[in-house]
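Reader: Hello! I would like a close look at one small part of this model, and then a walk through what lies around it.

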Amino acid sequence: MTTSQRWKNRPEGSNWGDFGPDDQLGRLNLLTPEKVRQGVAEVREGLAFCLSLPLDYPGGNILNPRRHPPALRPTVRNGRPNMNYRLGDDDPDVTDVICDDLVILHTQYSTQWDSLAHVGQLFDADGDGKPEALYYNGFRPDEHVRGPSDPKDAGGANIAEARSTSEAQALGIEKMAETCVQGRGVLIDLHARVGRERVAVGYDLLMSIMEADGVEVESGDMVCLHTGFGQLLLEMGRKPDPVCMTNACAVLNGRDGRLLNWITDSGLAALIADNYAVEAHPAVNHSGCCASLPLHEHCLFKLGIHLGELWLLTPLADWLRSRKRHRFLLTAPPLRLPGAVGSPATPVATV
């Protein structure tokens, strides 16, 4: 499985092959030991912030009709629910009381990471004039990222009959987990400038906010965008208002070419936001045939930049702003779940 087998042409502006012909980490390669040391150097108070929403937020399926809250159920022991199970019922000489459960989990329902297999594109990588479906670094559907064709093998299933029917044999989220995803985080506080107004943030506004707050992003930093959306979800108590959700808080303008160029040139290792998709979804109006999620195309497909979505950043942002800081140690591995294309996360910021 080499570059010559997978692609002859790489997308314009991409880094395919730069980290090796079979690379599956993308810009996480920039999370070097030096970046970890830089993150550790930001720890002064020893305070830690949980950057995850409760994983049953936002509540319902208004944000995405295909994703549902997690469902917890007990396992079965001797034909009975294995919750508050008294082992003495089976053996009078045993005193244990047991709880054991399982979860039916949509991996991208709440606070999450996108793997590099989450979004691909049609692109003519072999030069035959016909675009084919591809993911980062030329990995291919069906060959490297497999899924069923029968809808009966997708969606929810009776847990007793459940079996895996899809697998990212390349670019799965476990590759991300193996790096531990630890280094220096940098927070850009969009909310402090625009509040909860729905604003499509382009290059000019982003640069003005960074300059006003003295924020610098260096190669290998993990950038967190605070919009206040995660905090808004918490305040709604698992009952999100659909009108509010589509009209609240800042989003990046994925159609802004200068913004995309900055993402490339900055060398950031990961891009994270507390909103639904980091970028505006649906995207700003366009003409012609192009990606519906241009920032996802640029980050996941071209550059191998993992995207974090629906994080909880407000408590951290408030603390950092009160102390005129914007850097911290970020530790944010996903689940080491082989073959998954996304994962919940419980990120931790340490200051």
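How many residues in the lining of the second largest cavity are nonpolar, how many polar and how many charged?

Author: Happy to help! This is a predicted model, where local features need pLDDT of at least 70 and side-chain atom pairs count only at pLDDT 80 or more, while totals for chains, interfaces and linings use all residues. Residues are numbered from 1 along each chain as its sequence is written, and side-chain values use heavy atoms, leaving out hydrogens and water.

The lining of the second largest cavity has four nonpolar residues, three polar and no charged. (Ala, Val, Leu, Ile, Met, Phe, Trp, Tyr, Cys and Pro count as nonpolar, Asp, Glu, Lys and Arg as charged, and the others, Gly among them, as polar.) The residues that line this cavity are Leu-55, Leu-105, His-106, Tyr-109, Ser-110, Thr-111 and Pro-344. About 30 Å³ of space lies inside. A cavity is a set of points on a 1 Å grid over the protein atoms alone where a 1.4 Å probe fits but cannot get out; a pocket is an open set with protein on both sides within 12 Å along at least five of seven lines, and lining residues have an atom within 4 Å of a point. Points join across faces, edges and corners, and volume is the space filled by probe spheres set on them.

The structure holds two cavities of 30 Å³ or more, and the largest has a volume of about 60 Å³. Tyr-109 is in its lining too, along with Pro-58, Gly-60, Asn-61, Leu-63, Asn-64, Arg-67, Gln-108, Tyr-276 and Leu-310. By class, these are five nonpolar, four polar and one charged.

Two of the names you have just met lead on to pockets. The largest pocket has a volume of about 1,600 Å³. It is lined by 36 residues, and Leu-105 is among the closest to its centre, with Thr-107, Gly-155, Thr-165 and Ser-166. Strands E7 (101-104), E11 (145-146) and E12 (167-168) each give two or more residues to its lining. (Helices, H or I of at least four residues, and strands, E of at least two, are DSSP runs numbered from the N terminus.) That lining divides into 16 nonpolar, twelve polar and eight charged residues.

The second largest pocket has a volume of about 250 Å³. Here Tyr-276 is among the closest to the centre of the 19 lining residues, with Arg-198, Met-245, Thr-246 and His-281. Its lining has 13 nonpolar, four polar and two charged residues.

Now for the filled parts. The largest nonpolar core, a set of buried Ala, Val, Leu, Ile, Met, Phe, Trp, Tyr and Cys residues joined through side-chain atoms within 4.5 Å, has 45 residues. Ile-188, Trp-262 and Leu-295 are among those with the most contacts inside it. Helix H9 gives the most to this core, with five residues. Nine of the ten residues of H9 (294-303) are buried, that is, under 20% relative accessible area, with exposed over 50% and partly exposed in between (1.4 Å probe, protein chains only). The buried ones include Leu-295, Cys-299 and Phe-301. Just after H9, Gly-304 takes a positive phi of about 70 degrees.

Finally, the whole chain: it comes to ten helices and 21 strands. Buried residues make up 48% of its 351 residues. Its C-alpha atoms fill a box of roughly 70 × 55 × 45 Å, taken along the principal axes.
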